[in-house]
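Me: I am new to this structure and would like to go through parts of it. Please show it, and then I will ask about strands and helices.

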Amino acid sequence: MKFLVKFFGYLFGVGAALALLIAAGVWMYLQHLDESLPDYTALKNYEPPVMTRVHAADGSLMAEYATQRRMFLPIQAIPERVKQAFIAAEDKNFYSHIGVDPEGIARAAVRFIQNYGSGRRPEGASTITQQVAKNFLLTNDLSIVRKIKEAILSLRIEQAYTKDEILELYVNEIYFGLGAHGIAAAALIYFDKSVHELTLDEVAYLAALPKAPNNYHPFRHTERAIARRNYVIDRMVADGYVSVEEGQEAKEKPITVKPRETGSRLFAAEYFTEEVRREVADIFGDKRLYEGGLSVRSTLDPELQKMARESLMEGLINFDHKRGSWNGPVDRITIGADWGIDLAKIEALSDIPEWKLAVILESGSDQAKIGVQPDTLVSGKLSDERTTGPLFLETMKWARVNGRAPGSVSDVLAPGDVVYVQESQVAPGTFELRQIPKVSGAIVAMDPYTGRVLALVGGFSFAQSEFNRATQAYRQPGSSFKPFLYAAALDNGYTPSSVVMDAPLEISQGPGLGTWRPQNYGGKFYGPSTLRTGIELSRNVMTVRLAQDMGMPLVAEYSKRFGIYDNMLPVLSMSLGAGETTVLRMTTAYATIANGGRKVRPTLIDRIQDRYGRTIYKHDSRICDGCTQDVWEDQGEPTLIDDREQVLDPMTAYQITSMMEGVVQRGTATSVRAVGRPVAGKTGTTNDEKDAWFMGFTPDLAVGVFVGYDNPKPMGRGATGGQVAAPIFTDFVKKALADKPPVEFRVPRGLQLIAINRRTGLRAAPGTPGAILEAFKPGMAPNDSYAIIDFQSSLGVSHAVSPEAQDAVTQGTGGLY
């Protein structure tokens, strides 16, 4: 007996010694591992890459930009059912374990033994805490060492963070497939919903994905995805989160994924959106743009943007139909048994959904049979449906070939040609031929008091050309520059009734450059003319005389004040708009006149907030006195202090506005009268009709329109600003202001309105034919006799002319340059 006691005592002693040695070894090993463990406290400063979102002024989502498509949601903003789904799917004991789950480890060990030698991946026993440790702090390799590190870190994370904080890290970090990181982005990308709108079956499917997103792809592995989703629903029922009836109903539903598109998400806003993206990148850099989680509130008015795009497109199409020719097919394919397959390979314009690509199946004399490009389903597969229809000769007479209208459809189209068509609004089921116009253009609409760009379209189609003709194209503004020269004159002693001689003028341009002889559009001269007439009928020669009288350095200084040019060459040809500028710059300059002379800074962005909601950029720099008071204590109302530069006398601004109203009423833009409300504006056309402009404004809206070829070339005789650009302006402004009452231009205090003869500039008796009310500054009454500015040299000479000279005063259409 004693022997047995001694023997077992001996074994106990040896065992105890071995246990101590093993414990010491394990302790030393763990100490060694501890030295290489990452710092888990860094999770406190977790700032994952979060996508930047751009919104319109009304809150509509315009675009999302990201390297990882993620939106961070605090745990308080995550619905309970979403939390329950992930806990049921991944870690049912999450709220009770200490970071590792012994029950799960035992279950995984049994499965490992059962599957040993089968080649299957071992079943995981990782808790949500362990997955956080792995995803944030460790690698993804399969090794015992990594699992030990994972367990140690999990125990420490559980001691340092609450369960909700751990779950928040998990659901915001995990990858769901389709480029979605985090539950908020996954809900949007898979179902185009916020997490609060998800149904039980949708929540369960998202909770099923982190296990292996590619294995449960909704289109490639649909049955497997449904099985995994149903497993999650069963787990939620078993854990008591949902009833059996709810679970059964959810399991019977198909997986209806609607992948969210990338890029611009607001119809017709592609040019505007891209300009915002460039501006944000310029301010904060690409990294902050794509990873910083910025919230950008733009100035875009979605309804005005649609109107602007529609007006510009219709204007360019009308020009193309009247003056263009058939450009030929987009492509050609061989018509086989299923023409839809080859046709689907050709990329259509994504931003003109009403236009469809079609292949000519048959071509005859009076009509053609077309096959419309089949739709691509959400799964990426091609639809089996094939749509065909007729295309009639009568709707394609505009498609001239060699300058002649087609006599038959076959003159233009042949079987196999791929073209754009649009379903007829008059006869549904039939189609009309379309083509992308070679001529292009731009339109900008702006609030003249703040500089906020309300609408901007930089071309016919962003999908066809991303070049923004509103901001990136530098073109000659022609006569649309003249109002700023005349504003300089009115600011420096001239009046709207001052008379300038419109007669032949020769200017020496220096050695080797010859003599410049400026001409009016049409080649005629009209004798003594008032400044008002010079603007209304766009007289070039008298404009040059006026610039010569003032001196071009003064004109250059005014052009810089208004932001049209940074450093204009002080040469006389620049007085006729020979320099190059952009539509956005010109619209801003006209907005300055419209608001009474206050300098405005154009902007497409109202404000930018960081991921925490702090405002880090704001366009409106005005100071609000009294806006920081927490409570009302009988103090006065807050006031906005407008310290922006006054670049033009308000009286001058009204005078030039009134003169530009005359452009619309009697001058080169009479078609704009169709707007049916007070409008001021100016046409502009450059040499050989290479550029056509119309810049104009109402009391509350400034709009600029440009039309021209990207590589400047003549658009054809008569393609002037008044004929080409002004109709686009008119169409847009009529739509934009349709629901608003007409407003008169505001007359500054102290300005005198005196009746004058608009042709002679002399004071007129009430009721005199041709008399108008002209605006004069205090002390600057109209003349009783002519004082004509007539340049024979570099010095101005005023000549008194009898009233009979009024017979020589301007008549006719005048011109543009």
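Me: In which sense do β16 and strand β19 pair?
Reply: This is a predicted model. Strand β16 covers residues 499–502, and β19 covers residues 527–530. Four bridges join the two strands, and the sense of the pairing is antiparallel.

Me: Which residue in β19 is the bridge partner of Asp 502?
Reply: Asp 502 lies in β16 and is buried, on one side of the strand with Val 500. Val 499 and Met 501, on the other side, are buried too, so both faces are covered. Across in β19, the bridge partner of Asp 502 is Gly 527.

Me: Which strands stand at the edges of the open sheet that holds β3, β4 and β5?
Reply: The order in this mixed sheet is β3-β5-β4. An edge strand here has a single partner, so one side of it is left without a neighbour in the sheet. The edge strands are β3 (69–70) and β4 (175–177).

Me: Which residue of β5 stands opposite Arg 70?
Reply: β3 pairs with β5 (residues 180–181) in the parallel sense, over two bridges. Opposite Arg 70 stands His 181.

Me: How are α13 and α21 oriented to each other?
Reply: The axes of α13 (residues 302–323) and α21 (residues 721–736) come within 9 Å and cross at roughly 150°. Angles over 145 degrees fall in one class. The two helices are therefore roughly antiparallel.

Me: How many of the residues of helix α2 are buried?
Reply: Helix α2 spans residues 80–90. Its buried residues include Val 82, Phe 86 and Glu 90. The helix is largely enclosed by the rest of the structure, because the buried count, out of eleven residues, is nine.

Key: Residues are numbered from 1 along each chain as its sequence is written. This is a predicted model: local features need pLDDT of at least 70, side-chain atom pairs count only at pLDDT 80 or more; totals for chains, interfaces and linings use all residues. Side-chain values use heavy atoms; hydrogens and water are left out. Two strands pair if DSSP finds at least two bridges between them. Buried means under 20% relative accessible area, exposed over 50%, partly exposed in between (1.4 Å probe, protein chains only). Axes are lines fitted to C-alpha atoms, for helices over the stretch in contact, and angles run from 0 to 180 degrees between N-to-C directions. Angles under 35 degrees count as roughly parallel, over 145 as roughly antiparallel, 65 to 115 as roughly perpendicular and the rest as oblique.
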